[in-house]
Amino acid sequence: MRRELADAQAALNDFQSRTGTLDVAVQNKALLDQSIALDASIQQLLVQRADIASRFTTEHPVYESLQRQIGQFQSEKARLLSRLSQLPDTQQGLFRLNRDVEVTNQTYANLLDQAQQLNIARASAIGNARVIDSADVNMDSPAWPKPLLVVAGGTLLGAMFMVAFVLLRQMFRRGVEDPADIELLGLPVYASIPFSAKGHQIATRPRHFRRDTQRLLALRAPTDLAMEALRTLRTSLHFTRLEMKNNMLMIAAPSPGVGKTFVCANLAVTIAQAGQTVLLIDADMRRGTLHHAIGVRSEGGLSELISGQIDLEQALRKVPGTENMTFISRGLIPPNPSELLMHPRFGSMLEELAKLYDVVIIDTPPVLAVTDAAVIGHHVGTCLMVVRWGHNQQREIAMAKQRLEQNGVEVRGAIFNAVQKRGSGQYTYSYYDYQPLRNPSAAR
């Protein structure tokens with residue numbers, strides 16, 4: 001618009017210098033003012049129409065109203081131009097050039113005014129965030145953190161977490177998994193028996209099987225790794241019994257469920273298979289299950305023998321599958337098992353049986369549950385304790401050992417039962433699978 005204004009002024013000056021005219025006549029001044037006013041109004045209406053067209057369609061009432069006003073002003077301008085056409089050519093040219101200069105000047109002035117208004121509006125625009133109040137910070141005495149309070153609270157919280165961690169660890173702690181933990185209690189490990197899947201399958205067979213079916217791993221799977229470990233135990237006991245006062249061996253355990261019955265039954269079979277005569281006695285008259293492993297009934301056993309209801313010949317039973325092994329079951333469950341074991345008849349019976357057999361193995365109740373094992377321990381020459389891998393805790397084993405020793409029973413050692421692998425390279429007295437070749441000719 002500034003360039004158009006300069007061009008209009010230059011054209012006016014050139015026309016005036018060329019024609020020698022200085023200004024529009026007075027009588028034509030009114031026509032010039034009307035023409036300028038009409039052009040200025042038309043320019044303003046065009047600007048408004050452009051603004052309305054950016055927001056509404058051409059059918060909008062406001063747009064149509066502006067269009068009608070522009071048409072009216074253009075009609076009046078056409079009538080005014082027809083009147084001007086009657087003037088001489090020189091006056092028409094001067095009139096036209098003056099009109100162009102004035103209209104362009106007013107339009108330029110209006111644009112400058114709008115630009116100034118927009119600049120003012122942009123400069124005065126402010127955000128919606130305001131500072132309500134400045135923070136009052138005391139760097140010398142902060143409200144938080146308080147060093148003493150934080151240290152005291154952290155110490156107390158740490159102590160609580162430490163105690164909770166120890167208690168949880170003790171609660172979820174598994175039993176011993178390394179023979180070294182047992183030997184720290186002063187109990188040498190005589191043998192470490194690996195877990196036998198076959199033995200577990202035989203012992204947990206469904207109840208609909210016949211009760212007189214044997215469940216001895218030594219007869220069902222003599223090449224099992226657990227049986228190799230029991231043969232190692234048999235060798236160790238052979239040399240240990242030479243130093244003992246008699247040939248009676250008691251197998252004890254800290255708690256139920258450690259496999260004590262499994263060890264007693266299969267150890268007796270391995271000793272019998274070595275050519276020695278063996279007597280196996282189920283002295284657990286409360287919950288003894290040795291008769292299930294042997295495949296006989298529990299009636300007519302130790303409880304009736306001590307109470308005098310049957311004689312020794314009726315209580316002794318041969319074990320099928322072995323020539324040198326005899327078995328005495330627990331008998332009917334009496335109301336006073338401990339009193340029966342303390343009866344003098346029990347001690348004299350053991351002395352008589354010890355003369356008839358090379359080895360007498362006695363299966364006893366758990367040490368920490370009842371006192372029966374301590375009573376039986378006074379009559380035997382060797383006492384071994386069965387400890388189950390991952391089941392018995394070190395404190396539990398120590399308490400069982402202490403209880404027997406307080407009653408004058410010396411625990412010679414431990415049998416680590418049901419040992420399992422924990423990971424690569426972690427073996428606890430494990431045994432390698434070294435079975436005979438099924439086809440000897442293939443090795444030639």
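**Exercise 1. Take the salt bridge of Glu410 and sort its two ends by exposure.**

Start with Glu410: its relative accessible area is 54%, so Glu410 is exposed. The cut-offs here are under 20% relative accessible area for buried, over 50% for exposed, and partly exposed in between, with a 1.4 Å probe and protein chains only. Next, find the partner: Glu410 forms a salt bridge with Arg412, and their closest N and O atoms are 3.7 Å apart. A salt bridge needs a side-chain nitrogen of Lys or Arg within 4 Å of a carboxyl oxygen of Asp or Glu. Last step: Arg412 has 22% relative accessibility, so Arg412 counts as partly exposed.

Before you go on, keep in mind that this is a predicted model, where local features need pLDDT of at least 70, side-chain atom pairs count only at pLDDT 80 or more, and totals for chains, interfaces and linings use all residues. Residues are numbered from 1 along each chain as its sequence is written, and side-chain values use heavy atoms, with hydrogens and water left out.

**Exercise 2. Do the same for two other salt bridges, those of Asp51 and Lys401.**

The structure holds six salt bridges. Asp51 pairs with Arg55, with 3.4 Å between the closest N and O atoms. Asp51 is partly exposed at 42% relative accessibility, while Arg55, at 54%, is exposed.

Now Lys401: its side chain meets that of Glu405 in a salt bridge, 2.6 Å from N to O. Where do Lys401 and Glu405 sit in helix H17? They are four residues apart in this helix (residues 394-406), so about one helical turn separates them. Helices are DSSP runs of H or I with at least four residues, strands are E runs of at least two, and both are numbered from the N terminus. Lys401 counts as buried at 14% relative accessibility, and Glu405 counts as partly exposed at 38%.

**Exercise 3. Map the nonpolar cores, then follow Ile182 and Leu350.**

A nonpolar core is a set of buried Ala, Val, Leu, Ile, Met, Phe, Trp, Tyr and Cys residues joined through side-chain atoms within 4.5 Å. The largest one has 46 residues, and Ile182, Ile281, Leu302 and Leu404 have the most contacts inside it. Helix H15 (residues 344-356) gives the most to this core, with five residues. A second, separate core has 40 residues, including Leu217, Leu237, Val319 and Val359.

Step over to Ile182 and leave out residues up to four places away in sequence: among those that Ile182 touches are Val176, Val387, Ile397 and Phe416. Contact means heavy atoms within 4.5 Å.

Then take Leu350, which is in helix H15. Leu350 is buried, with a relative accessible area of 1%. With residues up to four places away set aside, Leu350 touches Met248, Ile281, Ile362 and His379. The C-alpha atoms of Leu350 and Met248 are 8.5 Å apart, although 102 residues separate the two along the chain.

**Exercise 4. Work out the surroundings of Thr270 and Ser298.**

Thr270 is in helix H10 and is buried, with a relative accessible area of 0%. A polar atom of its side chain lies 2.6 Å from the backbone oxygen of Leu267. Not counting residues up to four places away, Thr270 touches Met227, Leu230, Arg231 and Arg234.

Ser298 lies in the loop between helix H11 (290-294) and helix H12 (302-306). Buried or exposed: which is Ser298? Ser298 is buried, with a relative accessible area of 5%. Beyond neighbours within four places in sequence, Ser298 is in contact with His291, Arg317, Ser329, Arg330, Gly331 and Leu332.

**Exercise 5. Place Phe165, Gly275 and Ala418.**

Phe165 belongs to helix H5 (residues 147-171) and is exposed, with a relative accessible area of 53%.

Gly275 goes in the loop between helix H10 (260-273) and strand E3 (278-282). At 51% relative accessibility, Gly275 counts as exposed. Gly275 and Met325 are 50 residues apart in sequence and 9.8 Å apart in space, C-alpha to C-alpha.

Ala418 is in strand E8 (residues 413-419) and is buried, with a relative accessible area of 4%. Check its backbone too: phi of Ala418 is near 60 degrees, a positive value in a residue other than glycine.

**Exercise 6. Finish with the whole chain.**

Count the elements, and you get 17 helices and eight strands. Of the 444 residues, 40% count as buried. Finally, take contacts between residues at least 6 apart in sequence: 80% of them join residues at least 24 apart.

Terms used:
A polar contact is a pair of N or O atoms within 3.5 Å; within protein, one must be able to donate a hydrogen and the other to accept it, and residues adjacent in sequence count only if both atoms are side-chain atoms.
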